[in-house]
Amino acid sequence: MNKALSGKQKIAYAAGMMGWSIMTNIIIVMLPYFYLPPSNSGLSPLVPQLLLFGAFNLLSIIAASGRLIDAVYDPFIASVSDRSTNPKGRRFPIMKWAILPAVVFCCLVFHPWVKGESVNNAWWLTAVLAGFFISVTTYIIPYNALLAELTNTAEEKVKLSTLQQVGFVLGMILGALINNFADLIQSGFHVASRFEALQYTIIALSVFSGLVMILPILFINEREYVNSKPSHIPLLAAIKSTFRNSNFKYYLISDFTYYTALSIMSSGLLYFVTVLLGLPDSDGGKFMGLMVLLSLLFYPFINYGSKRFGKKKLVLFAFGILSLIFVTIFFLGKLPFAPANQMYILVVFASFPLAALGILPNAILADIAQKDTIESGENHEGMFFAVKYLFVKLGQTIGIAVFAMLTIYGKDPGNDYGLRLNGIVGFSLCIVALLFFSRFKEER
């Protein structure tokens with residue numbers, strides 16, 4: 001049995017997720033807004049609104065292309081980590097080399113080659129996005145494999161996953177507050193350009209992310225807390241073995257559709273606030289922060305409810321609520337409430353799904369991976385999380401691409417139908433997630 005982590009070490013582990021979350025949420029929230037801003041944002045477009053194949057705009061193609069390399073790289077880095085014989089451990093020695101490149105590439109994403117609308121920015125963005133995705137993958141795949149290895153029981157997994165989710169949602173808050181921080185930089189440092197204020201903010205947040213991503217490596221000695229042996233399964237065989245697990249397939253499809261829907265919501269947040277409701281862009285961060293803080297109130301219930309009712313019922317209930325939230329997005333600005341109150345309604349109802357779908361899926365997957373390890377005798381937890389995060393990132397990419405594609409049908413005040421269509425797409429995705437996860441067989 002593994003040696004138990006101290007409270008300080010658990011917080012250090014969760015800090016790694018916060019750093020990863022900040023940078024990935026910067027990309028998800030700001031990429032469409034920065035490169036194809038609405039007309040009332042004070043920013044200028046940086047890539048042309050070109051149509052490819054009659055439906056896909058240039059930004060949606062760029063967002064997807066960076067992940068093509070990442071799609072091949074995900075299982076590769078998982079296999080390298082699972083099969084590692086490094087005397088210092090299988091995970092941390094790989095993770096530490098990913099931090100600096102992730103910080104650098106995150107900053108470069110928001111430093112376009114040309115300060116104006118140009119196809120050259122599209123080529124530049126494709127290259128730096130690929131570098132960013134590969135860097136954060138090198139960190140997060142080994143990191144998440146440790147969730148199964150640092151815990152001994154299902155209850156411990158839920159508790160550590162809860163702390164991990166706290167790190168994730170704190171990262172979401174900081175990522176969503178970029179415009180608020182940019183306001184402070186403009187007023188406090190007399191920066192005239194909104195464009196430059198956003199760049200300075202992203203640099204500062206990226207550096208901070210890198211610093212907190214180091215904390216798990218500094219505070220946890222992997223060899224002291226993890227009793228694992230290298231996997232001897234070749235790469236392709238390890239991938240196939242995960243898909244032979246029927247429970248994992250149902251989990252994977254529902255998780256993929258959820259993250260696609262979540263990415264649509266995150267990408268559209270600033271547009272929903274400024275275009276559909278006519279509120280300032282800085283309100284986006286405030287609403288996101290409030291939603292996350294409210295979600296924290298549900299954490300004790302999620303921990304209790306997962307033991308009392310089972311994880312599956314809570315996940316299905318969360319998918320149901322989330323589907324109704326997307327229906328509400330379609331009608332934003334047309335409901336019989338003040339604009340701010342419409343957003344408050346969304347925030348209150350979204351807080352439970354954010355808590356449940358943040359904590360439980362990783363704990364469920366850790367159970368699946370650990371059960372498979374016991375039955376097969378092979379330690380390839382990293383491969384389960386690699387396949388999961390491959391589909392998570394594909395979902396995030398498709399979400400950004402779908403959102404960018406739908407802006408063709410309207411993204412400005414008075415011409416907003418494309419933004420409203422995201423509500424219909426998100427609703428459909430949540431129903432698909434609910435239906436597939438209903439077939440998941442939970443062992444109590």
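Biologist: Is D367 buried, partly exposed or exposed?
Modeller: Happy to help, and please keep in mind that this is a predicted model. Buried means under 20% relative accessible area, and exposed means over 50%. D367 has a relative accessibility of 23%, so D367 counts as partly exposed.

Biologist: Which residue meets the side chain of D367 in a salt bridge?
Modeller: D367 lies in helix α16 (residues 339-376) and its partner in helix α15, so the pair ties together parts that are 56 residues apart in sequence. The partner is buried, with a relative accessible area of 10%. The N to O distance is 3.2 Å, and the partner is K311.

Biologist: How are α12 and α15 oriented to each other?
Modeller: The axes of α12 (residues 246-276) and α15 (residues 311-330) come within 11 Å and cross at roughly 30°. Angles under 35 degrees count as roughly parallel. The two helices, α12 and α15, are therefore roughly parallel.

Biologist: How many charged residues does the contact of α12 with α15 have?
Modeller: On the α12 side the contact includes Y258, I264 and F272, and on the α15 side F319, L322 and F326 are among the residues. By class, the contact has 11 nonpolar residues and 1 polar, and the number of charged residues is: no charged residues.

Biologist: Which residues join R194 in one salt-bridge network?
Modeller: R194, in helix α8, forms a salt bridge of 3.8 Å (N to O) with D281. R194 is buried at 13% relative accessibility, and D281 is buried at 15%. Salt bridges that share partners join R194 into one network with D281 and D183.

Definitions and conventions: Residues are numbered from 1 along each chain as its sequence is written. This is a predicted model: local features need pLDDT of at least 70, side-chain atom pairs count only at pLDDT 80 or more; totals for chains, interfaces and linings use all residues. Side-chain values use heavy atoms; hydrogens and water are left out. Axes are lines fitted to C-alpha atoms, for helices over the stretch in contact, and angles run from 0 to 180 degrees between N-to-C directions. Helices (H or I, at least four residues) and strands (E, at least two) are DSSP runs, numbered from the N terminus. Angles under 35 degrees count as roughly parallel, over 145 as roughly antiparallel, 65 to 115 as roughly perpendicular and the rest as oblique. Contact means heavy atoms within 4.5 Å. Ala, Val, Leu, Ile, Met, Phe, Trp, Tyr, Cys and Pro count as nonpolar, Asp, Glu, Lys and Arg as charged, and the others, Gly among them, as polar. A salt bridge is a side-chain nitrogen of Lys or Arg within 4 Å of a carboxyl oxygen of Asp or Glu. Buried means under 20% relative accessible area, exposed over 50%, partly exposed in between (1.4 Å probe, protein chains only).
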